[in-house]
Amino acid sequence: MKKYIHTNIDQIRNDFPILKRKVNGQNLIYFDNAATSQTPQIVIDSITDYYSKYNSNIHRGVHFLSQEATDAYEKSRVKFQKHFNADNSYEIIFTSGTTHSINLVANGFKKILKKNDEIIISQLEHHSNIVPWQMLCEETGAKIKVIPIDNNGELIIDKFENLLNSKTKLVFVNHVSNALGIVNPIKHIIKKAHEFNAIVLVDGAQATPHMKIDVVDLDVDFYVTSTHKICGPTGVGILYGKEKWLNKIPPFLGGGEMIDQVTFEKSTYAGLPNKFEAGTPNISGVIASGIGIDYLNSIGIEEIYKYENELLEYATKKLLLIKDLKIYGFSTKKTSVISFNVGNIHPYDIGSILDKFGIATRTGQLCAQPIMDYFKIPGTIRVSFSFYNTKEEIDEFIKSLHKAILMLS
Amino acid sequence: MKIKQIQEELIDEFAMFDDWIQRYEYMIDLGKSLPLIDEKFKTDEYLVNGCQSKVWVKAELVDKQIVFKADSDAIISKGIIAILIRVFSHHEPNEIIKANTDFIDKIGLKDHLSPNRANGLSSMIKQLKLYALAYQTKINNE
């Protein structure tokens, strides 16, 4: 049965042991959820459980423990297949994180791209969705084109459509901007890109914690995310790829697990998904990630979105009452992320003082320098809410923010 | 006044405060008395590496003593560099090179800074000492 967050908030908060921590003598208020979400006890326990009861290498041993570990690992894959509505479980590849997933795909196109082919990315991208493509372009001679944003931080879709042409081979865009929290119209972007036979990779790291992703409905070619943002442990990423593309691109890492036959003359690769999972994977992490996604689904993504949206509206309203406070990124479709500055006060100064009050925020360029350059600012303070945060915490944050501004003005 | 004496003076001043808020406010106040670097020197050349906010420092040798000027785009960093300049400015290069920096721990500054800020603080000290080393080397070669 799904939980209604409002009436179960105490119980939900109880599931996260870290929320009881004191920081600098104050109750921790964790508003850096866009960087990583906190981990419920049930996920932490699953890691202990793995090492206490069935730690062993997967896919290799005929022994009991290896079977048990392999079953749990593969069960996790099926959970993510169902969660993302992928056609086949082998279209879900486990990586070490979103960055690894993106690099895997970028590497895969080294031999496919030709000189003067074009890659489209957006001004909103995280550095991890810019640098791998720059590296790819350096090697192949392909060129990067950038979808610009408007003053509200929204992608200018007309400009994107103008960039598309027969030379466009790849389009990379995030589903939700990590710096501004704006939800991009990826379904439309994918449809338009496909009209030119371009392949689309969507960075979903900031979307998966807040909304249901259906890769079939989106018709997306690659969708990537990290499970530490969805109640899982750090060090596990998901790469969804359409079977035809995963078959087309070569393996990223060579080693055990990813091979079929090895002689010193030539090795042949294993099929999906093992082709992309060389070496011993993060077995406990993958299993725990599966428990994390179960936990999230036990509350329900739609309920989470609704609740977080209330927090977003509540905090936005309160913040806008503060003199000289400017919020970056306005859109009717936003996740629970607010990036802001107050007058000319440096974001680091406000972040440092808030930290002293036990409030965790993110400050600086947020790994998205092109956005900061666009707005001509050194960075922002970013608060990002999760379903275990409360309006009382927002009130406390606003109070502390007032004190910080007073100290710094 | 010797570097050591200025350090003790600062330790005494910070000991007057009971909580971190007052210490921060005092540090911010000290930032306001910082001898400012000329705007035209706010370039990459004078930027201290390792700070997340921008901190510029310039040194000059005046009557055998080093005179530091600085600025920052963040108020807390400005306070930190102001404290360091109060300690290290107007001393001969050798004294600056040899000075220890225990006073930082004694005024409880590091405890109150985030790890990133504390790294920035170390970078600032390193930069001031590097200036001193460069001037001392120049003097030795003359």
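Here are some friendly notes on this predicted model, going from the overall shape of chain A to its sheets and its contacts.

1. **Overall dimensions.** Let's start with the whole chain. A compact globule of 409 residues would have a radius of gyration near 22 Å, and chain A agrees with that because its own value is 22 Å. Along the principal axes, the C-alpha atoms of chain A fill a box of roughly 70 × 55 × 35 Å. As for burial, 48% of the 409 residues of chain A count as buried.

2. **Secondary structure and contact range.** Chain A contains 14 helices and 17 strands. If you look at contacts in chain A with a separation of 6 or more, 70% of them come from residues 24 or more positions apart.

3. **Two domains.** Chain A is divided into domain 1, which takes in 5-36 + 300-408, and domain 2, which covers 45-297. Note that domain 1 is written as two segments, so please keep both when you select it. The C-alpha centres of the two domains of chain A lie 28 Å apart. Where they touch, domain 1 of chain A and domain 2 of chain A give 25 residues each.

4. **The domain 1 side of that contact.** Which elements give two or more residues to the side of domain 1 of chain A that touches domain 2 of chain A? They are helix 11 (301-320), strand 14 and helix 13 (369-375) of chain A. Helix 11 of chain A gives the most, with 5 residues. By class, this side of domain 1 of chain A has 13 nonpolar, 7 polar and 5 charged residues.

5. **The four-stranded sheet.** In chain A, 4 strands form an open sheet in the order 13-14-17-16, with antiparallel pairing. Its edge strands are strand 13 (325-328) and strand 16 of chain A, each of which pairs on one side only. On average, neighbouring strands of this sheet are turned by 30° against each other, direction ignored. Helix 11 of chain A, already met at the domain contact, lies across strand 13, strand 14 and strand 17 of chain A and runs at about 145° to strand 13 of chain A.

6. **Strand 17 and its two partners.** Strand 17 of chain A is joined to strand 14 (residues 337-342) of chain A by 4 antiparallel bridges. Within that pairing, A:S339 has A:R382 as its bridge partner, and A:I338 has A:V383. Strand 16 (residues 362-364) of chain A also pairs with strand 17 of chain A in the antiparallel sense, over 3 bridges. In this second pairing, A:R362 stands opposite A:R382.

7. **Burial of strand 17.** Are the residues of strand 17 (residues 380-384) of chain A buried or exposed? Buried: this is the count for 5 of its 5 residues. In a regular strand the side chains alternate between the two faces of the sheet. Here both faces are covered, with A:T380, A:R382 and A:S384 on one side and A:I381 and A:V383 on the other. A:R382 is thus worth a look, being buried and standing opposite A:R362.

8. **The seven-stranded sheet.** A further 7 strands of chain A form an open sheet in the order 4-10-9-8-7-5-6, with mixed pairing. Strand 4 (92-95) and strand 6 (143-147) of chain A each have a single partner strand, so one side of each is left without a neighbour in the sheet. Neighbouring strands of this sheet are turned by 20° against each other on average, direction ignored. At one edge, 4 bridges join strand 4 of chain A to strand 10 (residues 237-241) of chain A, running antiparallel, and A:F94 stands opposite A:I238.

9. **Helices on this sheet.** Helix 3 (residues 64-84) of chain A packs on the sheet and touches strand 4, strand 9 (222-226) and strand 10 of chain A; its direction makes about 120° with that of strand 4 of chain A. Helix 5 (residues 131-140) of chain A lies across strand 5 (118-122), strand 6 and strand 7 (168-174) of chain A, at about 145° to strand 6 of chain A.

10. **The contact with chain B.** Chain A gives 10 residues to this contact and chain B gives 12. On the chain A side, helix 12 (347-356) and helix 14 (391-408) each supply at least two residues. Helix 12 of chain A gives the most, with 5 residues. By class, the chain A side has 4 nonpolar, 3 polar and 3 charged residues.

Note on methods: Residues are numbered from 1 along each chain as its sequence is written. Chains are lettered from A and ligands numbered from 1 in the order in which they are written. This is a predicted model: local features need pLDDT of at least 70, side-chain atom pairs count only at pLDDT 80 or more; totals for chains, interfaces and linings use all residues. A residue is buried if 20 or more other C-beta atoms lie within 10 Å of its own, exposed if 12 or fewer, and partly exposed in between; C-beta atoms are placed from the backbone. Two strands pair if DSSP finds at least two bridges between them. Domain bounds come from an automatic or database domain assignment. Two residues are in contact if their C-beta atoms, placed from the backbone, lie within 7 Å. Ala, Val, Leu, Ile, Met, Phe, Trp, Tyr, Cys and Pro count as nonpolar, Asp, Glu, Lys and Arg as charged, and the others, Gly among them, as polar. Axes are lines fitted to C-alpha atoms, for helices over the stretch in contact, and angles run from 0 to 180 degrees between N-to-C directions. The radius of gyration is taken over C-alpha atoms; the globule rule is 2.2 Å times the number of residues to the power 0.38.
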